[in-house]
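Me: I would like a close look at a single part of this structure, explained slowly and with care. Please take me through how that part is built.

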Amino acid sequence: MRSTPFLKSALAASFVAGASLAEEIGDADAGETLFSKCKGCHQIGASAEDRIGPHLNGIFGRRAGAHEGFAYSKSMQRAGVDGLTWTAETLDAYIENPRALVSKTRMSFRGIKNPDDRANLMAYLRDFSDNPSNLPEAEPTARATDHDLDPEILALQGDPEYGEYLSNECLTCHQADGSAEGIPSITQWPEEDFVVAMHAYKRKLRPHPVMQMMAGRLNNDEIAALAAYFKDLD
Amino acid sequence: MKLNRRIFMGSSAAAMASLSSPAVLADGHGKPRVVVIGGGAGGATVAKYLAKDSKGEIDVTLVEPTRTYFTCFFSNLYLGGFKDIDDLGHTYGTLAAKYGINVVHDWAVNVDRDSKTVTLAGGSKLPYDKLVLSPGIDFVEGAVEGWSIAAQNAMPHAYKGGSQTELLKAQVMAMPEGGTFAMVAPPNPYRCPPGPYERISMVAHVLKANNPTAKIIVADPKDKFSKQALFQEGWANHYAGMVDWIGSDFGGGNVSVDPNAMTITIDGEETKVDACNVIPAMKAGRIAELAGVTDGNWAPVNAADMSTKADADVYVLGDSSQQGDMPKSGFSANSQAKVCANAVRGALTGSKVFPAKFSNTCWSLIDTDDGVKVGATYEATDEKIAKVDGFISATGEDSATRKATYEESEGWYAGITADMFG
């Protein structure tokens, strides 16, 4: 697990440094109420078992798609292999908009837009992870932040002609006919999903190094142009 | 999008030319003509994108001597037993049938830049308005003492895909028990920087299974190499004690071979070898030199469109070009081809020219399901193709990550070959 040693040391360091300025990331009691949205699929606590979704004990620090015995979507397995680990930051982004982080996740949940609600929910989940007291009270990433894309970015109308030119670069790896052999298909995605996913790479929330690099140098118009081009490619 | 000055001038100049005097561009004949020499990652890609995107407005001829093209990329995986040779062969039927490219299987033997014609070995001449050269590499004569192209059967280079790769594999398989495999690695710059070291890994993989007491010696004129930490970690983990890499600090550059006696002499010490892979210093494919667009071993090009410094109507892609920071790789050539196709089409038809963006990723396999990668993005500056950002696999990665990297490389192979030939 590539990120675990880093995570552990970061947690240990911030625990020592942050202990005196401990700050709850949210209200766990309020989070318990919110968890009713999740209960249809996820269990948590002493007798929790995998149901439609995996149980959520020990979710903090767990590699995505790595809980043994649960049949994850291919998309979630890929995210885990690419290096996605559940931290306060990545969980926050996932709860806000699941498909932004994991395109074809089976978790059919619209997301929670209110950052305080997400913080409360995470505070509740955190009580069921190992050593919850060791989790970073004051680490900046423990705070729910707004991962949502600016509506202006989502509203951009991409130029498909420019997208076609830019797509040439994508097609060195991703196939134009939509075959997905070792590398996922990127054709015929809804434009919004495409834009949200590319910005998640650009912000390095999604872990894949090639995609972080490729998305990292595309500006908002270029991402919109690619989304406009690929949505109709078949 | 923002238009920079070059794009604006490029497309408007082309538009004016095509409005006022198409004859200047088309020289009295109908459509503008582009001749592409070399059907690899650069040439096949540029031909396809020119034909596809111009929708028949440009007459594209692709000159490539072989009817079945064997990629050099992934040829190490054939050596390692992970691919069949047939997996690496590709034909040009789709480029001809689907995109209307005139595919000519012949050698280009001369370029006359004054009359703008290419002469083929068969004697015929091809006129062009724009010429794209993507001829890969040739070897510098006398680069390794004792070796010449006449000795390539005894000591294969296996650095162009196809029969040489098969020959080297046969020689590795025929090594006696406990025998010695030697490699003479090339000096910079050369095609596929991690290639020799992936090859060492693949030969070690085969020997470990069939001939575990065999040894591998690498004589290297460099003191460091691409993905070095990753390869050396992998060799220690998978092939402990098998690989002896002798860098320039230890005399690795002071090397000669005797293909008749099958010996290699490194820094004065002679060793009998059972298979020997000599990868000599490289230069641009010969046709670039014949066209008079090289300076020294390579052809200097302008980063914005891959046109040569010597002639604005002649472009050089891929390994033969001297462009700046990009490594010589199939991925790079494919990336450069797309920028070039966009610029050439703009110049000939007045289509919109977008800013150049380049990228490269090189995957290497160290052992079964142990893949690593390195990559970067690039932009065109006035001086060169300049690196913007990059990444490399980390040492000590877990096996799931390495397996995913290998699977991704297979996906890339399917992707780039479909992009070139399909």
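Reply: In this predicted model, ten residues of domain 1 of chain A are in contact with eight residues of domain 2 of chain A, and that meeting of the two domains is a good place to begin. The elements that supply two or more residues to the domain 1 side are helix H4, residues 88–96, and helix H5, residues 98–101, of chain A. Of the contributions to this side, that of H5(A) is the most, with three residues. Sorted by class, the side of domain 1 of chain A that touches domain 2 of chain A holds four nonpolar residues, four polar residues and two charged residues. As for where the domains run, the domain assignment of chain A places domain 1 at 4–142 and domain 2 at 151–230.

We can now turn to one residue, A:Ala224, which has its place in helix H11 of chain A, a helix that covers residues 220–230. A:Ala224 counts as buried because 25 other C-beta atoms lie within 10 Å, where the cut-off for being buried is 20 or more. If its neighbours within four places in sequence are left aside, A:Ala224 is in contact with A:Leu156, A:Gln157, A:Gly158 and A:Val195. A further residue to consider is A:Glu192, which is 32 residues away from A:Ala224 along the chain, while the C-alpha atoms of the two are separated by 8.9 Å.

Conventions:
Residues numbered from 1 in each chain as written. Chains lettered and ligands numbered in written order. Predicted model: local features only at pLDDT ≥ 70, side-chain atom pairs only at ≥ 80, totals over all residues. Domains from an automatic or database assignment. Contact = placed C-beta atoms within 7 Å. Helix = DSSP H or I, 4+ residues; strand = E, 2+ residues; numbered from the N terminus. Nonpolar A, V, L, I, M, F, W, Y, C, P; charged D, E, K, R; others polar. Buried ≥ 20, exposed ≤ 12 C-beta atoms within 10 Å, placed from the backbone.
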